[in-house]
Amino acid sequence: MSLRNSHDRFGWVSITIHWLMAAAIIGIFVLGVWMVDLDYYDSWYHKSLWVHQSIGMLLLFLLVFRLVWRLTNPVPEIMGLWWEKLIAIWVHRGHYLFMFAVMVTGYLITTAYGRGVDIFGWFEFPALLAADKGRETTLGFWHMLLAWGFMGYIGMHAGAALKHHFVDRDITLLRMLGINKNRGDEK
Amino acid sequence: MKLKLLLGTALLVLGISTSAMAEDYVIDKKGQHAVIQFKIAHLGYSWLIGRFNDFDGTFSYDEKNPSAAKINVTINTASVDSNHAARDKHLRSPDFFNVDNYPTSTFVSKSFKELGDGKAELTGTFTLNGVTRDISIDVKHVGHGPDPWGGYRRGFEGTTTLTLADWNIPFAPKLGPASAEVELYFSFEGVKQ
């Protein structure tokens with residue numbers, strides 16, 4: 001199978017990014033919900049935030065690459081009725097917007113005082129916007145709200161994928177796993 | 001007779017108001033010649049120093065009658081600044097200052113007593129996190145006199161120590177035993193009105 005997408009199948013780059021981001025996003029969401037209630041003397045008190053920020057920034061870079069990849073690759077045809085396709089297109093665009101909003105608010109919280117973000121001690125990504133003391137509190141609220149909202153959104157997305165698989169019995173879910181034929185098709 | 005009375009009253013009112021005005025100062029917020037700072041132990045190994053960037057206040061002080069001195073300060077609790085975005089966000093949250101519920105903290109003086117040698121004791125009512133308690137502040141006269149721009153200024157500094165457990169701060173016990181108390185320091189320069 002090729003790296004690039006074609007008109008009827010996803011390439012390995014898209015598939016890998018999809019599942020990698022799914023796992024990482026759910027992972028740092030859980031980490032985020034868990035870490036805010038940690039005790040000050042917990043050994044994870046600082047480390048948890050560092051890991052959360054580091055993975056979050058790597059996800060932001062990956063999201064930018066994903067957008068470029070998405071725009072320079074064909075998209076496999078969506079299965080469904082015309083209005084289902086229309087909804088699917090906009091829901092997919094919504095994913096990008098949602099991810100971008102959650103990650104950028106996170107970045108702006110961390111850089112609110114004009115200092116860069118350390119990423120796993122490997123390098124520091126600079127603060128691109130001027131310091132604006134106080135925005136960490138306002139944006140902190142939005143970061144949390146958007147993160148919970150996005151979990152609901154991907155829950156809906158997963159539900160739709162399962163509906164395609166079990167109700168419509170098409171290959172929408174399977175082709176995101178690199179399988180482009182249904183068992184039923186072989187009969 | 002009537003005119004005399006009117007004139008007399010007018011003079012009296014004018015006299016009172018000028019004498020009252022003569023001792024009223026507004027804290028120089030515009031020029032930022034005023035500081036409210038807090039200092040608390042971090043783990044018992046070093047100090048964390050932070051401040052409130054936004055507050056307003058007035059005081060009155062008459063050298064001939066110092067025990068009548070008064071001060072009134074209102075602090076915008078959301079302006080807390082310890083020079084660390086994540087910590088300040090935490091300080092504004094319900095774990096500490098709960099700024100959505102308690103956007104302001106106030107101090108209203110009750111008594112002022114000169115102790116000599118430029119020192120004084122100020123007592124008053126401090127409100128923080130919805131808790132109102134009487135506190136005592138050690139005050140020092142810093143200086144006073146005309147400024148180069150045609151005004152008259154007077155400045156004080158003061159310190160007091162608060163016990164976190166008294167002020168409705170849910171996260172306080174988690175900071176550890178070394179951080180049970182916080183030292184407040186202020187320096188106010190007032191411009192005479």
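Here is a short chat about chain A, which is a predicted model.

Student: In what order do the helices and strands of chain A run from the N terminus on?

Tutor: Let's start with the inventory: chain A has six helices and two strands. Reading from the N terminus, the order of the elements is α-α-α-β-β-α-α-α.

Student: What box do the C-alpha atoms of chain A fill?

Tutor: Take the principal axes of chain A as your frame. Along them, the box comes out at roughly 60 × 30 × 30 Å.

Student: How much of the contact set in chain A comes from residues 24 or more positions apart?

Tutor: First, keep just the contacts with a separation of 6 or more. Within that set, the share from residues 24 or more positions apart is 65%.

Student: Which residues make the nonpolar surface patch of about 810 Å²?

Tutor: For context, chain A exposes about 11300 Å², with carbon and sulfur atoms supplying 71% of that area. The patch of about 810 Å² is nonpolar. Its members are A:Leu81, A:Trp82, A:Trp83, A:Leu86, A:Ile87, A:Ile89 and A:Trp90.

Student: Is A:Trp82 buried or exposed?

Tutor: You'll find A:Trp82 in helix α3, residues 82-110 of chain A. The cut-off for exposed is over 50% relative accessible area. A:Trp82 has 66% relative accessibility, so this tryptophan counts as exposed.

Student: And how far apart are the centres of the positive and negative side chains in chain A?

Tutor: Count the charges to begin with: 16 positive and 14 negative side chains. Take the centre of each set, and the distance between the two is 8 Å.

Terms used
Residues are numbered from 1 along each chain as its sequence is written. Chains are lettered from A and ligands numbered from 1 in the order in which they are written. This is a predicted model: local features need pLDDT of at least 70, side-chain atom pairs count only at pLDDT 80 or more; totals for chains, interfaces and linings use all residues. Side-chain values use heavy atoms; hydrogens and water are left out. Helices (H or I, at least four residues) and strands (E, at least two) are DSSP runs, numbered from the N terminus. Contact means heavy atoms within 4.5 Å. Accessible areas come from the Shrake-Rupley method with a 1.4 Å probe; for residues, only the protein chains shown count as cover. Lys and Arg count as positive and Asp and Glu as negative; His and the chain ends are not counted. The place of a charge is taken as NZ of Lys, CZ of Arg, CG of Asp or CD of Glu. Patches are made of residues with over 30% relative accessible area and no salt bridge: like charges are joined within 9 Å, nonpolar side chains (Val, Leu, Ile, Met, Phe, Trp, Tyr) within 5 Å. A salt bridge is a side-chain nitrogen of Lys or Arg within 4 Å of a carboxyl oxygen of Asp or Glu. Buried means under 20% relative accessible area, exposed over 50%, partly exposed in between (1.4 Å probe, protein chains only).
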